[in-house]
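Please open the model in your viewer and keep the selection tool at hand. The stops below are meant to be taken in order, each with a selection to make and something to look at.

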Amino acid sequence: MAQVFDGITVLDFTRGMPGGIATMVMSDFGAEVIKVEAPSDEKFRRSSGAIQWNRGKKSVILDLKTPQGREKAHKLARLSDVVIESFRPGVTRRLGIDYATLGANHPELVYASLTGFGAEGPYANYKGYDAVVAAKTGRMMMFAGQNTREGPNYVVVQGVCHSAATALIRGITTALYLREKTGRGQMVETSMLKTITTYDHISWIHGQMIAKDPETHPPDPRVGIGRPNPTGYLPARTRDGRWIQLGNIVERLFRSMMHSLELDFLYDDPRYKTAPFLAEEHVASLERMMLEKIQEKTLDDWMGLFAGEASDVAAEPYMTSEAALDHPQILHNGHVCTVHHSGVGEMRQLGPMVIMSETPGSAKGPAPEPGQHTDEVLARLEMVTKPAAKGTYSPMPKTALEGITLLDLGTVINGPLGCALVAELGARVIRIEALDGDWGRQGLQGISVQRTMAGSEGVCLNLKTSEGQEIMHKLAAKADLLLHSMRPGAPERTGIGYEQLTKINPNLIYLYAGGYGSTGPYSHRPSMAPIAGAVSGGGVAQMGRDSFPPPEQPMTIDEIIAVSTQLKRANDGTADHTTAMVNSVGLVLGLYARERTGKAQYVESTMIAANAYANADDFYWHQGKDSRRLPDRDGYGLDALYRLYRAKGGWVFLACPFEEEWQALCRTIGRPDLLADTRFSTRTAREKHDDALIEELTGVFSAREPLKWEKLLTDADVACVKAEDRGMYHFFNEDSHVRENGFLQQVEATRYGEFWRYTPVVGFSATEGKAGPAPLRGEHTRPVLQELGYTDDQIQDYKQRGIVDWEEA
């Protein structure tokens, strides 16, 4: 079968996980990826997960510091459709492989650039390690409270890398789609600092609303800080000492869970009759009873009960990433594949990122040896002579996806946020909600939709009525893309099934954004954010080393409560955001495939696969694979040289994983004696004496303020930053580097007035992005129906009869 990127050649200059995952996905979907490696790149090959994300590529060794190496790179670029790089600002210009140089005689070239902190400003040359970006921006405060100490908490799952990888795929694919229409390529730009904003759907707007309207939005000390997960998201220990994650905050699911736990009699108690919405003073007693109840059965007993066809309870056992490779639904969906690697033998790896019916992906072989394809690839350079004659090009539109319409029937966060990311590319997104609005509008006056539904138009439809379905069908007839999150069977009952809509519009790209998938043993089951976190291995890893008592060790109920409370924070709720990014990738892949093949298709994204990808540094197996590196149980970091430290009046995060960085660190802090100390003179010795090195550095960092350490060490090219200890809102609202790079944009929303929002995650050189506010519930129902030909009288009649609705401004 045809694949999305058939015939596309990608020249990959990136190092590390973001570019590695992005080009791996392109390879899986048909691109030829030529990975250009320097003679000294071996250290990046040792990264956990590199053996997976380098799969299916061709490796070429080039020394770009020599004229001969640069000349070969220029010629390879001329033969390529896409160039992707992740150097720090200015490096590509010095090496002669910047967009201006490579694109000068190659107007069809799509050139993608990823930086750590943006192209300008005081942080531009900071190293873009995942944890450095997470610490600097306040992302680590999302896990504050996981441990008893104050301050930021190390983040295990490399969400910064995941957000950057998916942004690269989204941007490159969109640029290729536009090239298909106009003949022209362009530059695609993003940064890890920009992409991490996708994880903040609430603090940025909450902080501004508190400042703007404190009567409606009273001051809240937890703005920007992770909040304890609600009772419906309770982790619990079973009779056999294993841990299970519940995921039932929606009232219908919560009641089903209480029935399965034989606790529904509690609804007769005035304290609990409104569960899951409880007064704070009654939460602990209800959770205690739930934890006691779950102690009565084994994990297998509970899962047999919860996973039954008649059950409507979201629950999963806590797994490591390796254990999840055998999850029944993951296997059914093909989210795991087998690749034979000459060095390690049979490997089990991630399958394709999304499922596509007409242009399916597949792993294209193992990771190559460094330079394995140098001779083969360089032999092509004889084909490069003079620049090709310029063709005829169509004018570029204002935005990349101008003229594209997406119907968003997703729910809560992951569906609508994925569509909001596509809206940033210029698509028109029409948000379809039930008459009373999406569940995601609950809490904090519904302001979180200013991120999850940003840039959308709002329509409220009753799809249980024939008239509502008729309106939906008229919308589908004019649409290019559709996303929904309904479990199997529900789409057909509401008139939006794939077969139903593609009969009306054969050109409709249809994406199911599911928890588990449309078929298979768990497809009927509900899924919420912490479910995917438990399955993918992120929750267990976040707890750190030696955090769980052995299953055979008895625990008192108070001990269970303590671990459950910690696990609530560890299994962070951003699994939805992680999935949203993959949903957006599936949509643009489908759009580009339609442009190239003339065929629309069915696309499927799942929460379990998306979160497996976020754990790509560990979500694979081969004989002899190293165990996942875990943080200490107090959440400081992985080791002495990749860790949070208390400084004078705050925190710093230090990242120097490579030998040259360690040496620069010791010289800069005035401790050359550490280099001569036999306990620390080699990497192996430092690992053996990690506690002693932590003690040494703890004393060093306590002597100065965080920003003084940041200035001193980053000037020496050692990654050390002040760790924001108030949260992401405060960093983005106050930091001058953010504004210097244009990472914020003013918008105006009905009822809420003006405020800043994060700028579109992906930028383009020849087309604009689109940043808009979110609609009120059903705000655009009337004008959208008027577009479809309905009269004002018909629309008002439909409102009175409960077919459509909207709220007044």
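Begin by selecting Asp546, which is found in the loop between helix H23 (538-543) and helix H24 (residues 557-570), the two helices that this loop connects; helices here are DSSP runs of H or I with at least four residues, strands are E runs of at least two, and both are numbered from the N terminus. Phi of Asp546 is near 55°, a positive value in a residue other than glycine. At 69% relative accessibility Asp546 counts as exposed, where exposed means over 50% relative accessible area, buried under 20% and partly exposed in between, with a 1.4 Å probe and protein chains only.

Before moving on, note that this is a predicted model, in which local features need pLDDT of at least 70 and side-chain atom pairs count only at pLDDT 80 or more, while totals for chains, interfaces and linings use all residues. Residues are numbered from 1 along each chain as its sequence is written, and side-chain values use heavy atoms, with hydrogens and water left out.

Next, select H24 itself. Its end C-alpha atoms are 20 Å apart, which agrees with the 20 Å that its 14 residues should span at 1.5 Å a residue, the expected span being 1.5 Å times one less than the number of residues. Among the buried residues of H24 are Ile557, Ile560, Val563 and Leu567, and also Lys568 and Arg569. What covers the buried residues of H24 includes strand S7 (235-237), strand S8 (243-246), helix H12 (280-294) and H23, contact meaning heavy atoms within 4.5 Å.

From H12, go to Pro276, in the loop between helix H11 (251-260) and H12. A cis peptide bond joins Ala275 and Pro276, with omega at about 15°.

Now select Asn611 in helix H26 (residues 607-614). Asn611 counts as buried at 6% relative accessibility, and, leaving aside neighbours within four places in sequence, it is in contact with Ala532, Ser536, Ala575, Thr578 and Thr579. Show Gly538 as well: Asn611 and Gly538 are 73 residues apart in sequence and 8.2 Å apart in space, C-alpha to C-alpha.

Turn then to the open sheet of 7 strands, whose order is S3-S2-S1-S4-S5-S6-S26, with mixed pairing; two strands pair if DSSP finds at least two bridges between them. Strand S3 (58-61) and strand S26 (763-764) stand at the edges, each with a single partner strand, so one side of each is left without a neighbour in the sheet. Within the sheet, strand S5 (residues 110-115) and strand S6 (residues 187-191) pair in the parallel sense over 5 bridges, and the bridge partner of Leu114 in S6 is Thr190. Helix H8 packs on the sheet, touching S4, S5, S6 and S26, and its direction makes about 160° with that of S5.

Finally, add helix H7 (residues 130-137) to H8 (residues 159-182): their axes come within 8 Å and cross at roughly 105°, axes being lines fitted to C-alpha atoms, for helices over the stretch in contact, with angles from 0 to 180 degrees between N-to-C directions. H7 and H8 are therefore roughly perpendicular to each other, a label for angles of 65 to 115 degrees. Asp130, Val133 and Ala134 in H7 meet Gly159, Val160 and Cys161 in H8. Since 8 of the 8 residues of H7 are buried, H7 is largely enclosed by the rest of the structure. The residue that follows H7 is Gly138, whose phi is positive, near 95°.

Notes
Angles under 35 degrees count as roughly parallel, over 145 as roughly antiparallel, 65 to 115 as roughly perpendicular and the rest as oblique.
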